[in-house]
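Reader: Hey, got a minute to walk me through this fold? I'd like to start with the strands and then move to the helices.

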Amino acid sequence: MKVAIEASRHDTVGIDLVAMCVNDLVVQGAEPLFFLDYLATGRLDVAAATEVVTGIAEGCRQAGCALIGGETAEMPGFYGADDYDLAGFAVGAVERDAVITGETIATGDVVLGLAADGIHSNGFSLVRRIVAETGLAYTEPAPFDESETLAAALLRPTRIYVKSCLAAARTGAVKGLAHITGGGLVDNIPRILPPEMAAEIDGDTWQRPAVFSWLAISGGVEPAEMARTFNCGIGMIVVVDQDQVDAVTAALSDAGESVSRIGRIVPRGDGPAVTLDNWKDPWRA
């Protein structure tokens with residue numbers, strides 16, 4: 001939101017707000033039902049607030065849930081005149097016997113990765129620091145994509161995976177889903193793994209968006225830190241039995257996702273829950 005405020009571009013943060021809630025619901029196999037939002041500001045800017053709420057409504061449309069209400073609070077003295085903050089929550093439903101828990105994940109299972117649309121909603125403290133160090137203005141063309149401004153590229157909204165993941169879940173073959181947010185692949189995949197299992201991820205199996213190479217090189221960010229901070233091009237992972245890869249991939253692809261086979265499940269032993277192969281320095285290739 002700091003980038004949105006500084007760039008006076010408010011049309012995507014509402015989508016991000018919804019995405020952070022509904023993508024966390026669908027990983028359990030739950031269908032989002034409704035969403036409520038909270039907007040707090042120092043001084044209500046009707047035009048900016050309208051853009052924000054329009055984005056929230058668009059996020060709900062993409063997720064197939066209802067926007068049933070919200071709260072707007074004007075608090076001068078607590079927020080700066082042009083500052084605002086957003087919060088929200090969603091409620092979803094899933095049959096008890098259909099909850100996706102990851103408990104059945106086993107050796108030999110395949111890890112599929114669904115492409116991200118960009119940075120999504122995490123790592124922006126580091127992003128803002130790198131932008132400040134480069135001296136670039138958010139209104140300038142993005143160094144990694146001169147067809148759009150830096151603000152537009154950085155604020156490309158979080159992809160909402162609800163409809164595609166529900167389609168995959170209906171195959172009955174999905175063992176685990178993990179939304180790749182703060183903590184990246186390293187910290188989010190372990191949430192769904194049984195304690196004795198680990199995931200081996202091959203960094204050569206998907207195309208990383210150019211924004212991540214720019215951040216790594218411009219900010220001098222080490223590959224390991226990139227993996228802990230950003231989604232690095234994978235916004236959702238899906239774990240399936242190797243015999244069900246084709247069926248689940250077809251369901252996801254038919255729903256509009258770009259799917260890559262990015263890894264496999266192995267016994268953990270004494271090692272970490274996630275290992276990254278071909279990751280030593282993928283950013284300067």
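Author: Sure, and keep in mind that this is a predicted model. Let's begin with S4 and S9: the two strands run antiparallel and are joined by six bridges.

Reader: Which residue is the bridge partner of valine 110 in S9?

Author: That's valine 240.

Reader: OK, and how many bridges join S4 to S10?

Author: Five, and S4 (residues 110-115) and S10 (residues 259-267) run antiparallel. Leucine 112 has arginine 261 as its bridge partner in S10, and glycine 113 stands opposite serine 260 of that strand.

Reader: What holds paired strands together in general?

Author: Backbone hydrogen bonds, with the strands either parallel or antiparallel.

Reader: Zooming out, what's the strand order in the open sheet?

Author: The order is S7-S9-S4-S10-S8-S11, so six strands with mixed pairing.

Reader: Which strands stand at the edges?

Author: S7 (174-179) and S11 (274-277). Each has a single partner strand, so one side of each lacks a neighbour in the sheet.

Reader: And how much are neighbouring strands turned against each other?

Author: By 25° on average, with direction ignored.

Reader: Back to S4 for a sec. How many of its residues are buried?

Author: Five of the six, so S4 is largely enclosed by the rest of the structure.

Reader: Which helix lies across S4?

Author: H10, residues 245-254, lies across S4 and runs at about 10° to that strand. H10 also lies across S7, S9 (234-240) and S10.

Reader: Switching to helix packing. At what angle do H4 and H8 pack?

Author: About 60°, with the axes of H4 (residues 124-134) and H8 (residues 210-219) 10 Å apart. Angles of 65 to 115 degrees would count as roughly perpendicular and those under 35 as roughly parallel, and H4 and H8 are therefore oblique to each other.

Reader: Left-handed or right-handed crossing?

Author: Left-handed, as H4 passes H8.

Reader: Which residues meet there?

Author: From H4, you have Val127, Arg129, Ile130, Val131 and Thr134. They meet Trp214, Leu215, Ser218 and Gly219 in H8.

Reader: How does that contact split by class?

Author: The contact of H4 with H8 has five nonpolar, three polar and one charged residues.

Notes:
Residues numbered from 1 in each chain as written. Predicted model: local features only at pLDDT ≥ 70, side-chain atom pairs only at ≥ 80, totals over all residues. Heavy atoms only, no water. Axes fitted to C-alpha atoms, helices over the stretch in contact; angles between N-to-C directions. Helix = DSSP H or I, 4+ residues; strand = E, 2+ residues; numbered from the N terminus. Parallel < 35°, antiparallel > 145°, perpendicular 65-115°, else oblique. Left-handed = near helix turned anticlockwise from the far one by under 90°. Contact = heavy atoms within 4.5 Å. Nonpolar A, V, L, I, M, F, W, Y, C, P; charged D, E, K, R; others polar. Pairing = 2+ DSSP bridges. Buried < 20%, exposed > 50% of the residue type's maximum accessible area, 1.4 Å probe, protein only.
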